[in-house]
Amino acid sequence: MTEQIKTDICIIGAGPVGLFTVFEAGLLKLRCHLIDALPQVGGQLSEIYPHKPIYDIPGYPAINAQELVENLLEQIAPFKPGFTLGERVEGLEKQTDGSYLVSGHDGTVIHAAVVAIAGGLGSFEPRKPEVKNLELFEGKGVNYMVKDPELFRGKRIVLAGGGDSALDWTVFLSEVASKVTLIHRSDSFRGAPDSAEKVFELASSGKIDLLLKSNLLSIEGNDHLQYVNVQGSDQSLIKLEADYLIPLFGLSPKLGPIADWGLAIEKSAVVVNTVDYSTNVERIYAVGDINSYPGKLKLILCGFHEAALMVQSAFKYVYPDQKLSFKYTTVNGVNAF
Ligand SMILES: Cc1cc2nc3c(=O)[nH]c(=O)nc-3n(C[C@H](O)[C@H](O)[C@H](O)COP(=O)(O)OP(=O)(O)OC[C@H]3O[C@@H](n4cnc5c(N)ncnc54)[C@H](O)[C@@H]3O)c2cc1C
């Protein structure tokens with residue numbers, strides 16, 4: 001299906017930073033259209049950790065990731081952004097007037113004066129461990145992400161990994177599943193020390209099983225996963241009965257076609273000027289986790305700040321004859337389109 005959309009800013013990525021860019025742009029009367037490869041908005045928050053609390057959003061001592069996404073949607077609603085979801089951006093074509101045609105893999109074309117790349121980690125590709133039969137049971141007991149914890153209620157779960165996701169989901173699922181086993185190849189964790197401490201406490205109180213210095217070997221079942229075979233710390237074979245295996249070995253960031261647009265790239269991120277988060281290509285900006293600059297922190301609040309500065313710079317491409325005057329929202333309010 002071909003669809004041609006005209007807007008001021010085409011935002012690639014509808015994660016938290018892409019969403020908040022709509023708000024900051026709207027204050028300056030700049031219209032936005034977002035395009036995202038995922039079928040839902042929210043980026044990493046909705047895809048990886050929708051039920052986790054976030055503690056470092058200003059003004060919220062704690063807020064669930066999905067709730068933050070809902071709040072952002074409510075906040076940007078007055079500016080009526082357009083959305084194309086479930087479509088990966090493939091092409092970028094500069095027009096003679098300096099504007100761009102951004103095209104998605106399913107035929108959508110967005111014509112915009114400015115492009116804001118808010119692509120986060122890029123397309124999500126989970127890192128898969130080498131485990132015999134792993135791919136045979138994908139969708140039949142092997143899940144690389146916890147989208148809906150209710151799926152695991154009353155089930156026997158085996159998690160594997162040593163980072164934050166493995167630790168946090170072990171703690172969370174210990175309250176939901178009938179049995180939780182965490183397998184880790186080392187005896188120390190890479191994740192946050194207080195999460196590791198909680199996991200050790202749960203293990204010593206018998207609420208979970210913790211297999212350290214152990215490795216996943218293979219999985220078995222019929223039309224659904226039934227057993228996870230593990231090599232224990234003493235090299236013995238341990239056969240665990242399991243309804244689900246959740247290997248959490250991180251996501252490998254794939255920049256995809258963005259890497260071919262002539263942008264300066266450093267360690268899979270787009271290099272920007274911190275004055276306005278512009279890239280080396282005129283009218284193309286990069287905000288949020290996708291960008292790179294000295295001192296960059298991949299935090300939501302940093303992306304929000306970047307979005308606010310970015311739109312101030314983008315304004316001149318949409319309204320070349322107007323002078324931008326800065327106004328507080330407390331003075332000017334939020335004037336819908
Ligand atoms: C487990 C975990 C816990 C975290 N906890 C915190 C925390 O407590 N506090 C905090 O501040 N941060 C936290 N973070 C980091 C935070 O999630 C990121 O900083 C934030 O998601 C970045 O937002 P973003 O909008 O830049 O990118 P993302 O959320 O990654 O969204 C980018 C979007 O772009 C889309 N996209 C990419 N390439 C394309 C393409 N070619 N075409 C179409 N769409 C594309 C992707 O599908 C994705 O939806 C955590 C991260 C993880 C994994």
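Reader: Which helices and strands each supply at least two residues of the shell around the ligand?

Author: Those elements are α1 (16-27), β2 (32-36) and α2 (43-47). The helix and strand labels are DSSP runs, numbered from the N terminus: H or I of at least four residues for a helix, E of at least two for a strand. Do keep in mind that this is a predicted model, where local features need pLDDT of at least 70, side-chain atom pairs count only at pLDDT 80 or more, and totals for chains, interfaces and linings use all residues. Residues are numbered from 1 along each chain as its sequence is written, and side-chain values use heavy atoms, with hydrogens and water left out.

Reader: How many residues surround the ligand, and which are the closest?

Author: The shell holds 31 residues, and D36, Q44, Y49, V89 and D289 are the closest. A residue belongs there if one of its heavy atoms lies within 4 Å of the ligand. By character, the shell splits into 14 nonpolar, ten polar and seven charged residues. Here Ala, Val, Leu, Ile, Met, Phe, Trp, Tyr, Cys and Pro count as nonpolar, Asp, Glu, Lys and Arg as charged, and the others, Gly among them, as polar.

Reader: What makes the approach of Q44 to the ligand a polar contact?

Author: A polar side-chain atom of Q44 lies 2.8 Å from an oxygen atom of the ligand. A polar contact is a pair of N or O atoms within 3.5 Å (within protein, one must be able to donate a hydrogen and the other to accept it, and residues adjacent in sequence count only if both atoms are side-chain atoms), so the Q44 pair qualifies. Backbone N or O atoms take part as well: one of V89 lies 2.8 Å from a ligand nitrogen, and one of A37 lies 3.0 Å from a ligand nitrogen. The protein buries 90% of the 1000 Å² that the ligand exposes when taken alone, with areas from the Shrake-Rupley method and a 1.4 Å probe.

Reader: Why is T108 called buried or exposed?

Author: T108 has 2% relative accessibility, so it is buried: that word means under 20% relative accessible area, exposed means over 50%, and partly exposed lies in between (1.4 Å probe, protein chains only). T108 sits in strand β8 (residues 108-117), and its side chain makes a polar contact of 2.7 Å with the side chain of E87.

Reader: How do you know the class of K6, buried or exposed?

Author: K6 reaches 67% relative accessibility and therefore counts as exposed. Its place is in strand β1 (residues 3-12). K6 and R31 are 25 residues apart in sequence, with 9.4 Å between their C-alpha atoms.

Reader: And what class does P247 get, buried or exposed?

Author: P247 is buried because its relative accessibility is 2%. P247 belongs to strand β15 (residues 244-247).

Reader: What makes the phi of S268 worth a remark?

Author: Most residues other than glycine have a negative phi. S268 is not a glycine, yet its phi is positive, about 60°. S268 lies in the loop between β16 (265-266) and β17 (269-271), and with 42% relative accessibility it counts as partly exposed.

Reader: What about the phi of R283, and where is R283 found?

Author: R283 also has a positive phi, about 75°, although it is not a glycine. R283 is in the loop between β17 and β18 (284-286). At 15% relative accessibility, R283 counts as buried.
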